[in-house]
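Colleague: Could you take me through one part of this protein closely, namely its salt bridges, and set them against the protein as a whole?

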Amino acid sequence: MPLVGTRPTTDFEHGPLLRQPGGEPWVLPRAQILQVMYEIEQGAMTSLLPPALHPTIPPTLVVTVMRAPESPVGPFTLAEAKVGCRSGARPRALSVRAYCDSAAACEALAARWGYPVHPAEVVLAKRYDRSWGAVRIGGRTVLEAHLVDPEAISGSDIQYLATLNTARVERGGEAVPRLIQVDPEYQFHSADRGMPELLAFDAEAFALPGAEPYWPVSASLAVADVAMPELRYLVDPAKPPLAAVERI
């Protein structure tokens with residue numbers, strides 16, 4: 001039998017309410033995107049995911065920090081730490097809690113795409129020998145991820161997983177938990193790869209208890225125009241994988 005998640009579905013009842021799906025499209029020109037992937041200890045392979053999702057083998061943690069210099073709500077930097085998974089046969093990444101440095105972006109990303117964002121100090125920086133992203137809450141660093149010794153590559157060499165955001169939607173007059181599939185489109189201007197380094201990761205801060213990164217896999221930094229998508233699919237976290245997907 002395929003493995004499925006064992007995390008209590010009550011853990012997914014506190015996401016933001018999806019209030020404004022649709023609306024005017026967003027394009028984020030020349031956004032910088034740092035992605036760092038690590039394998040995590042197998043003990044948390046199923047305990048991080050709800051019953052609607054299959055784990056990846058090996059289990060993975062995907063850290064993404066995106067700095068958008070322009071957006072309809074002004075510049076912002078968004079940081080996510082997601083668990084690799086599968087919805088049916090399709091690869092996805094589950095986000096339970098994320099952070100952003102702009103209150104206006106927090107509100108819009110949550111209302112339109114279900115991002116479970118919280119305010120924090122989020123930075124993305126680039127030097128000739130490395131790039132890094134970090135999240136600080138009350139002066140405490142809860143995430144610091146680096147790409148070291150960059151080498152130029154084609155943007156076509158980079159693949160980003162569609163994200164499943166922990167959120168809630170209205171059903172029959174009440175707010176119920178759903179995972180919102182968000183799969184932006186990317187027009188790449190430049191891209192680098194390098195050695196990944198994860199210098200700080202607080203699993204509890206990202207609502208991923210038991211996620212212990214131990215083996216570096218990959219790191220990339222890209223500059224791309226990011227087109228935020230029209231929402232198409234939801235996942236009911238409580239249902240079995242083959243019955244969990246809903247069309248909007």
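Modeller: Glu-246 and Arg-178 are both buried, which means that each has under 20% relative accessible area, and in this predicted model the two side chains form a salt bridge whose closest N and O atoms are 3.0 Å apart. Because Glu-246 belongs to strand β16 (residues 245-247) and Arg-178 to strand β12 (residues 174-182), the pair ties together parts that are 68 residues apart in sequence. Glu-246 and Arg-178 do not stand alone, for a network of salt bridges links them with Arg-171 and Asp-236.

Two further pairs can be set beside this one. The side chains of Arg-193 and Glu-151 meet in a salt bridge at 3.6 Å, N to O; Arg-193 lies in strand β13 (residues 185-201) and Glu-151 in strand β10 (residues 140-152), so this pair ties together parts that are 42 residues apart in sequence. As for their surroundings, Arg-193 is partly exposed, with a relative accessible area of 46%, and Glu-151, at 44% relative accessibility, also counts as partly exposed.

The other pair is Arg-136 and Glu-121, whose side chains meet in a salt bridge at 3.6 Å, N to O. Here the parts tied together are 15 residues apart in sequence, because Arg-136 lies in strand β9 (residues 130-137) and Glu-121 in strand β8 (residues 121-126). Arg-136 has 27% relative accessibility and counts as partly exposed, as does Glu-121 at 43%.

These pairs are among the 12 salt bridges that a search of the whole structure finds. The charged side chains of the protein comprise 22 positive and 28 negative ones, and the centres of the two sets lie 3 Å apart.

As for the setting, the protein has one helix and 16 strands. Its radius of gyration is 17 Å, close to the 18 Å that the globule rule gives for 248 residues, so the protein is as compact as a globular protein of that length. Along the principal axes, the C-alpha atoms fill a box of roughly 50 × 40 × 40 Å. Of the 248 residues, 55% are buried, while the accessible surface comes to about 11300 Å², with 50% of that area belonging to carbon and sulfur atoms. Among the contacts with a separation of 6 or more, 70% are between residues 24 or more positions apart.

Key
Residues are numbered from 1 along each chain as its sequence is written. This is a predicted model: local features need pLDDT of at least 70, side-chain atom pairs count only at pLDDT 80 or more; totals for chains, interfaces and linings use all residues. Side-chain values use heavy atoms; hydrogens and water are left out. Helices (H or I, at least four residues) and strands (E, at least two) are DSSP runs, numbered from the N terminus. The radius of gyration is taken over C-alpha atoms; the globule rule is 2.2 Å times the number of residues to the power 0.38. Buried means under 20% relative accessible area, exposed over 50%, partly exposed in between (1.4 Å probe, protein chains only). Contact means heavy atoms within 4.5 Å. Accessible areas come from the Shrake-Rupley method with a 1.4 Å probe; for residues, only the protein chains shown count as cover. Lys and Arg count as positive and Asp and Glu as negative; His and the chain ends are not counted. The place of a charge is taken as NZ of Lys, CZ of Arg, CG of Asp or CD of Glu. A salt bridge is a side-chain nitrogen of Lys or Arg within 4 Å of a carboxyl oxygen of Asp or Glu.
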